[in-house]
Amino acid sequence: MIPIEYYLSLSAFMFIVGVVGVLTRRNAIIVFMSIELMLNSANLTLVAFSSYLGNPIGQIFVFFVMTVAAAEAAIGLAIIISLFRNKKTVNIDEINILKW
Amino acid sequence: MSLNFILFLIFAFIAATSAVLMITRKSAIIAALFLILNFAALSGLYLTLNAQFIAVVQVIVYAGAIMVLFLFVIMLLRPSDEQSIFDDNPKLKWLATFVGVLVFAQILAIIFIGRPSDGLTPDLQRSIEVGTIEAIGRELYTTYLIPFQSAAFLLLAATIGALILAKKKLED
């Protein structure tokens, strides 16, 4: 089988891309998509280790991560919709009432 | 080079490029489409790891359900193309790239100095058995039954929460 380092490196790359996306984008929806990207890169690490160790627990954890990601996407998008209804924008620079 | 390695290279290339393209596109819809491409490539990577069940769930749940939700909201709200954070200060773009490369190099150093593959003795037959629906389903419905039920409650709570958050406020 391929050395596991390759999978871990790809996962690290996708995670960093997700972090840069969260920190540099202003559209709240794209920030959310970057978070999904980071969740997926963590999933890749879990599945890689699960497969190389011959232990199904990693893949079961990925299953639960997907459940939580689905719940998070539904709630997050509902929050974005209600923000848009009140503020008429999804630009995170203009949504700053909680900013100190 | 084995077929597995060639497939890994192809899918890894698609996943990495589409991730970078996703965070650099101005239009939210194009970004969402690149994210779907990324998820499809990840599903292929799961198949090279013999994780059939997770590969199928990845396509159904992520590329199917979650991204349709995202596209639906993007088309519902029609946000205008964003003003980039870099427009006021173009130097910031290089700083962001530099910091990203730095952290990536740090993680790579940890991975290649730690050499996790030294402690692993991968067994192809075992790895194929572990990824089947049968193996995962058996664990899920015996050892992890209570977390599985809690996940169901979490989804119910998320459904109700999303309904309440997104519904129009009724004037009293």
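User: Is Ile30(B) buried or exposed, going by its C-beta neighbours inside 10 Å?
Analyst: In this predicted model, Ile30(B) sits in helix α2 of chain B. A residue needs 20 or more other C-beta atoms within 10 Å to be buried, and is exposed at 12 or fewer. Because Ile30(B) has 12 C-beta neighbours inside 10 Å, the class that applies to Ile30(B) is exposed.

User: How far apart are the C-alpha atoms of Ile30(B) and Ile136(B)?
Analyst: Along the chain, Ile30(B) and Ile136(B) are 106 residues apart. In space, the separation between the C-alpha atoms of Ile30(B) and Ile136(B) is 35 Å.

User: What distance does α2(B) reach from its first C-alpha to its last?
Analyst: The helix α2(B) has 21 residues, and at 1.5 Å a residue the expected value is 30 Å. The model comes close to that expectation, since the reach of α2(B) from first to last C-alpha is 30 Å.

User: Which residue with a positive phi follows α2(B)?
Analyst: After α2(B) comes a residue whose phi is positive, near 65 degrees. That residue is Asn50(B).

User: Which helices make up chain B, and in what pattern do its elements run?
Analyst: Chain B holds 7 helices and 0 strands. With no strand to interrupt them, the elements read from the N terminus on as α-α-α-α-α-α-α.

User: What is the radius of gyration of chain B?
Analyst: The C-alpha trace of chain B spans about 60 × 50 × 25 Å along its principal axes, and buried residues make up 26% of its 172 residues. A compact globule of 172 residues would have a radius of gyration near 16 Å, whereas the value for chain B is 21 Å.

User: What pattern does chain A follow along the sequence, and what radius of gyration does chain A have?
Analyst: The secondary structure of chain A comes to 3 helices and 0 strands, in the pattern α-α-α. Its C-alpha atoms fill a box of roughly 50 × 25 × 20 Å along the principal axes, and 50% of its 100 residues count as buried. For a compact globule of 100 residues the radius of gyration would be near 13 Å, but for chain A the value is 17 Å.

User: Which helix of chain B gives the largest share of the side that touches chain A?
Analyst: The two chains meet where 70 residues of chain B are in contact with 61 residues of chain A. On the side of chain B that touches chain A, at least two residues come from each of α1, α2, α3, α4, α5, α6 and α7 of chain B. The largest share, 11 residues, is from α3(B).

User: How many residues on the side of chain B that touches chain A are nonpolar?
Analyst: Sorted by class, the side of chain B that touches chain A includes 10 polar and 4 charged residues. The number of nonpolar residues on that side is 56.

User: Which helix gives the most to the largest nonpolar core?
Analyst: That core has 68 residues, and those touching the most other members are Ile29(A), Met33(A), Ala15(B), Ala32(B), Leu35(B) and Leu45(B). At least two residues of the core come from each of α1, α2 and α3 of chain A and from each of α1, α2, α3, α6 and α7 of chain B. The most, 12 residues, is given by α1(A).

User: Which residue of chain A is in contact with Leu45(B)?
Analyst: Leu45(B) is one of the core members that touch the most others. Leaving aside its neighbours within four places in sequence, Leu45(B) is in contact with Phe8(B), Phe11(B), Ala12(B) and Ala15(B) of its own chain, and from chain A with Leu44(A).

User: Why does α4(B) lie largely in the open, and how many of its residues are buried?
Analyst: The 24 residues of α4(B) should span 34 Å at 1.5 Å a residue, and this agrees with end C-alpha atoms 35 Å apart. The helix α4(B) lies largely in the open because, of its 24 residues, the number buried is 0.

User: What phi does Arg115(B) take just after α4(B)?
Analyst: Arg115(B) is found in the loop between α4 and α5 of chain B, and counts as exposed because it has 12 C-beta neighbours inside 10 Å. Although Arg115(B) is not a glycine, its phi is positive, at about 45 degrees.

User: Is Lys88(A), in the segment after α3 of chain A, buried or exposed?
Analyst: Lys88(A) has a positive phi of about 60 degrees although it is not a glycine. Since Lys88(A) has 9 C-beta neighbours inside 10 Å, it counts as exposed.

Terms used: Residues are numbered from 1 along each chain as its sequence is written. Chains are lettered from A and ligands numbered from 1 in the order in which they are written. This is a predicted model: local features need pLDDT of at least 70, side-chain atom pairs count only at pLDDT 80 or more; totals for chains, interfaces and linings use all residues. Two residues are in contact if their C-beta atoms, placed from the backbone, lie within 7 Å. Helices (H or I, at least four residues) and strands (E, at least two) are DSSP runs, numbered from the N terminus. Ala, Val, Leu, Ile, Met, Phe, Trp, Tyr, Cys and Pro count as nonpolar, Asp, Glu, Lys and Arg as charged, and the others, Gly among them, as polar. The expected span of a helix is 1.5 Å times one less than its number of residues. A nonpolar core is a set of buried Ala, Val, Leu, Ile, Met, Phe, Trp, Tyr and Cys residues joined through C-beta atoms within 7 Å. The radius of gyration is taken over C-alpha atoms; the globule rule is 2.2 Å times the number of residues to the power 0.38.
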